[in-house]
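Hi,

Here is the structure I promised to pass on. Have a look at it first, and my notes follow just below.

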Amino acid sequence: MNVLVINCGSSSLKYQLFDMKNEAVLAKGLVERIGIEGSRLKHEAEGKDKQVIEVPMHNHKDALSQVLFALEHPEYGAIQSLQEINAAGHRVVHAGEKFSASVVVNDSVVAALEECIEIAPLHNPPNIIGIRAIQELLPNIENVAVFDTAFHQTMPKSAYVYALPYEYYERDHVRRYGFHGTSHRYVSQRAAEMLGKPLEETKIISCHLGNGASIAAIKGGKSIDTSMGFTPLEGLVMGTRCGDIDPQIVTYIMGKEGLSLDEMNNIMNKKSGVLGISGVSSDFRDIEEAAEAGNERAILALDIYHDNVRKYIGAYATVLGGADAIVFTAGLGENGAESREEICKGLEFMGAILDKEKNKVRGKEAFVNTEDSSVKIMVVPTNEELMIARDTLELLK
């Protein structure tokens, strides 16, 4: 079975085409600037040169039309006919409380996702548009929706209900949902394989550290707590997001500066985090370079970030009652050797001891702990697209 995996953002679209006989990637690519001047498709098929195709793409249907054209192109395509695409798997950010696992898409599923737009206004609309576009362009194949929030539906109620008047949960569905679930699920399963233990017997702290970042406490393969909340704003300090702050700060700044809801929301989501602290960048590579040059605010941003991640690891070790492994994944987690080292400083008390030489690895699976470390410290590159393809195959067998 060939599965096309699609991840639609507001103005972008990522895709990979998998041959599920051996889970090989036949082609992959990225469409940028959908609906904006200068839209382009970056496409790469297995064994062929990369292509950059600049063509106007006014909407996601236009973008997917170009993707399908590239996939069956005689020179740089990966298949001879679109009939070789057997199914499509879609990343969908938010399923609310409606779905605790991936599902085959039908009209009632789409309607349920539309109901979640109110609590995921930036993410769900483009996800739904992508599903509808494939239904129109490839009407003879099945579509599967794989949800970022589904993995965290196993959390106990005590972990996801906020200490607000209970009617806000019952009536307005205000609760912790958690995100990056597909990534946390993949790396926890892979970590169990690397540990040589049944998934059901593991206690894993999964650290998805990128521009957006979250940590999950995973017991027996199930999420029992996670750092992101009602939205992806809660939890860790991130590239441009503030993470955990005193809620009263929001109304204080709004009143003092005369800001609207949208303006305050923009500050917390796009102008805060390590960007707001450092004044340099949201990219950790830029901040590390500035810190090495003696920029005090860049040094402070890194210190705050590392302390923040370390606190969550300690908290989740308590939630789990100990840990078999701390797993680092995503852009910074996989490649940021310096950040991993700083985060692990002080975790020796719980039996997690980093080996500086082993930790020099970047972007590869590895154990980076010392031989006498009772808690394994691991680097596991995430593969959300493969997880989506596997779910699609499983549901459509």
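Asn7 is found in strand E1, which runs over residues 2–8 of this predicted model. The residue is buried, with a relative accessible area of 17%; the cut-off for that word is under 20%. Leaving aside residues up to four places away in sequence, Asn7 touches Ser12, Leu13, Lys14 and Arg91.

Why start there? The unreviewed UniProt entry lists Asn7 and Glu384 under "binding site". These two span 378 residues in sequence, yet their C-alpha atoms are no more than 10.0 Å apart, so they gather at one spot. Please keep in mind that such annotations may be inferred rather than shown by experiment.

Now to the other listed residue. Glu384 is found in helix H14, which covers residues 384–396. Buried or exposed? Glu384 is buried, at a relative accessible area of 19%. Its contacts, again without residues up to four places away in sequence, are Thr182 and Ser183.

On to the aromatic rings, which I thought you might enjoy. A pair of aromatic rings is described by the distance of the centres and the angle of the planes. How many aromatic pairs are there? The count comes to six. One of them joins Tyr160 and Tyr169: the centres are 6.1 Å apart and the planes meet at 50 degrees, a tilted pair. Tyr160 is buried at 12% relative accessibility, and Tyr169 is buried with a relative accessible area of 12%.

Another pair is made by Tyr312 and Tyr316. Here the ring centres lie 5.7 Å apart and the planes stand at 70 degrees, so this pair is edge-to-face; the label applies to angles over 60 degrees. Both tyrosines sit in helix H11 (residues 296–320), four residues apart, which is about one turn of the helix. Tyr312 and Tyr316 are both buried.

Back to Tyr160 for a moment, since there is more to see around that ring. Which residues does the cluster of ring pairs link? Tyr160, Tyr166 and Tyr169 are joined in this way. There is a charge to consider as well: Arg175 lies over the face of Tyr160, at 3.6 Å from the ring centre. Tyr160 is thus a good place to point your viewer, with a tilted partner in Tyr169 and Arg175 over its face.

Happy to talk it through whenever suits you.

Best wishes

Conventions: Residues are numbered from 1 along each chain as its sequence is written. This is a predicted model: local features need pLDDT of at least 70, side-chain atom pairs count only at pLDDT 80 or more; totals for chains, interfaces and linings use all residues. Side-chain values use heavy atoms; hydrogens and water are left out. Helices (H or I, at least four residues) and strands (E, at least two) are DSSP runs, numbered from the N terminus. Buried means under 20% relative accessible area, exposed over 50%, partly exposed in between (1.4 Å probe, protein chains only). Contact means heavy atoms within 4.5 Å. Rings of Phe, Tyr and Trp (its six-membered ring) pair if their centres lie within 6.5 Å; planes under 30 degrees apart count as stacked, over 60 as edge-to-face and the rest as tilted. A charge sits over a ring if NZ of Lys or CZ of Arg is within 6 Å of the ring centre and within 35 degrees of the ring normal.
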